[in-house]
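Colleague: I would like to go through this model and hear the reasoning behind the labels. Please give the cut-off wherever a label depends on one.

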Amino acid sequence: MDELELLKKDWQKKKDNLPKVSYNDIHQMLWKKSSSIVKWIFYISIIEFVLPHLLYLLPSTRESVDIYESLGMKNFIIISSILQYSVIIYFIYQFYTRYKEITVLDNSKNLMKRILKTRKTVKSYVIFSLSMILFMFGAIVVSIYLNDNFDSSTYEPFVAITKNFSKEKVKPILMAVFAFTGIAVTLILGGIYFLLYGILLKKLKINYAELKKLEV
C-alpha cells in the first residue's frame, strides 16, 4: 500500500482520537504524483527524439538511409523530416507545458482538467508517431511501384533480398517486404508505446479518479 492510500484511509477515519489528514494533504499528494508522471512523459519524449539521431552515427544506419536516394526520394524525405520534426518538437513543448501547468496551488478541478489535457496530448502524439511510420514505409512502397527504372542492384540489401528471383518479380517482392516491415515496425513500436506511455497514462487516470472522489 503506497503513501497515498494510507493518507486516504486516515482521511476517511471518523474517530476523534485519531489524527486527521486534511483534504489539502491528499490533494498535494495527488499533485506530486501527477507532476512526477507528466515529468517522465516529457523525459521519455526527449529520449525518443534524441536516440534515433544518435543511431545515425553508426555506419550501418547511415548506409541504410541511402535507400531513399536510390529510390529518388531524397527531396521528399527532407520535406517530410522537416514537417515531422516540427510536429514532434511541438508535442515535446506541449508535454513540458503540461508539466509546468500542474502546480500545487491548483484546486482539484483545475488539476483534473490538466490531467485530461495531458492524456489527450499523449494519445495524439502516439497516433502521430505510429502514423508517420506507416506513411514513410508506404511512401517507399509507392516509390518502388512508380519507379520504372528501379534497379535493385544499386543498393546492396536489395540484392540480398532479390538475388534468387527474376527481374519481373523484384518490384512486387520488395513492395511486399517493405509493406510487411512497415506493419511489423508499427506494431512493435506500438507495443513499446503502450508499455511506456500506457502505464503512465493509466496512473494519471487513477489520479483523476481519486481527485473526482475528493470533489464529491
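Modeller: A salt bridge here is a side-chain nitrogen of Lys or Arg within 4 Å of a carboxyl oxygen of Asp or Glu. Keep in mind that this is a predicted model.

Colleague: How do you know that R119 has no salt bridge?

Modeller: The nearest side chain of opposite charge, E210, is 14 Å away from R119. A salt bridge needs the two groups within 4 Å, so R119 has none. R119 is nevertheless buried.

Colleague: Where does R119 lie, and what is R119 in contact with beyond its neighbours within four places in sequence?

Modeller: R119 is part of helix α6, which covers residues 108–146. Leaving those neighbours aside, R119 is in contact with L201, L204 and K205.

Colleague: Which residues touch the most other members of the largest nonpolar core?

Modeller: They are I41, V122, Y197 and L204, in a core of 41 residues. Helices α2 (23–55), α5 (74–101), α6 and α8 (167–215) each supply at least two residues of this core. The most comes from α6, with 16 residues.

Colleague: What does I41 touch, not counting residues up to four places away in sequence?

Modeller: I41 touches F95, T118, V122, Y197, L200 and L204. The C-alpha atoms of I41 and L196 are separated by 8.5 Å, with their positions 155 residues apart along the chain.

Colleague: Why is L196 called partly exposed?

Modeller: L196, in helix α8, has a relative accessibility of 38%. Buried means under 20% and exposed means over 50%, so a value in between counts as partly exposed.

Colleague: How many aromatic pairs does the count come to?

Modeller: The count comes to 11 aromatic pairs. One of them is formed by F76 and F135, at 5.8 Å centre to centre and with 45° between the planes.

Colleague: What makes the pair of F76 and F135 tilted?

Modeller: Planes under 30 degrees apart would be stacked and over 60 edge-to-face. The angle for F76 and F135 is 45°, so the pair is tilted. F76 lies in helix α5 and F135 in helix α6, so the pair ties together parts that are 59 residues apart in sequence. F76 is partly exposed at 31% relative accessible area, and F135 is partly exposed at 43%.

Colleague: Why is the pair of Y125 and Y197 called edge-to-face?

Modeller: The ring centres of Y125 and Y197 are 6.0 Å apart and the planes stand at 75°, so the pair is edge-to-face. Y125 lies in helix α6 and Y197 in helix α8, so this pair ties together parts that are 72 residues apart in sequence.

Colleague: Are Y125 and Y197 buried or exposed?

Modeller: Y125 has a relative accessibility of 2% and counts as buried. Y197 is buried as well, with a relative accessible area of 1%. Y125 and Y197 also belong to one aromatic cluster with Y90, F91, F95, F128 and Y193.

Colleague: What is the secondary structure of the chain?

Modeller: The chain has eight helices and zero strands. Of its 216 residues, 35% count as buried.

Colleague: Where does pLDDT stay under 50?

Modeller: pLDDT stays under 50 over residues 14–19, for which the model has four contacts beyond four places in sequence. The average pLDDT of the chain is 77, and 68% of the residues score at least 70.

Terms used:
Residues numbered from 1 in each chain as written. Predicted model: local features only at pLDDT ≥ 70, side-chain atom pairs only at ≥ 80, totals over all residues. Heavy atoms only, no water. Buried < 20%, exposed > 50% of the residue type's maximum accessible area, 1.4 Å probe, protein only. Lys, Arg positive; Asp, Glu negative; His and termini not counted. Contact = heavy atoms within 4.5 Å. Core = buried A, V, L, I, M, F, W, Y, C linked by side-chain atoms within 4.5 Å. Phe/Tyr/Trp six-rings, centres within 6.5 Å; stacked < 30°, edge-to-face > 60°. pLDDT = per-residue confidence, 0-100.
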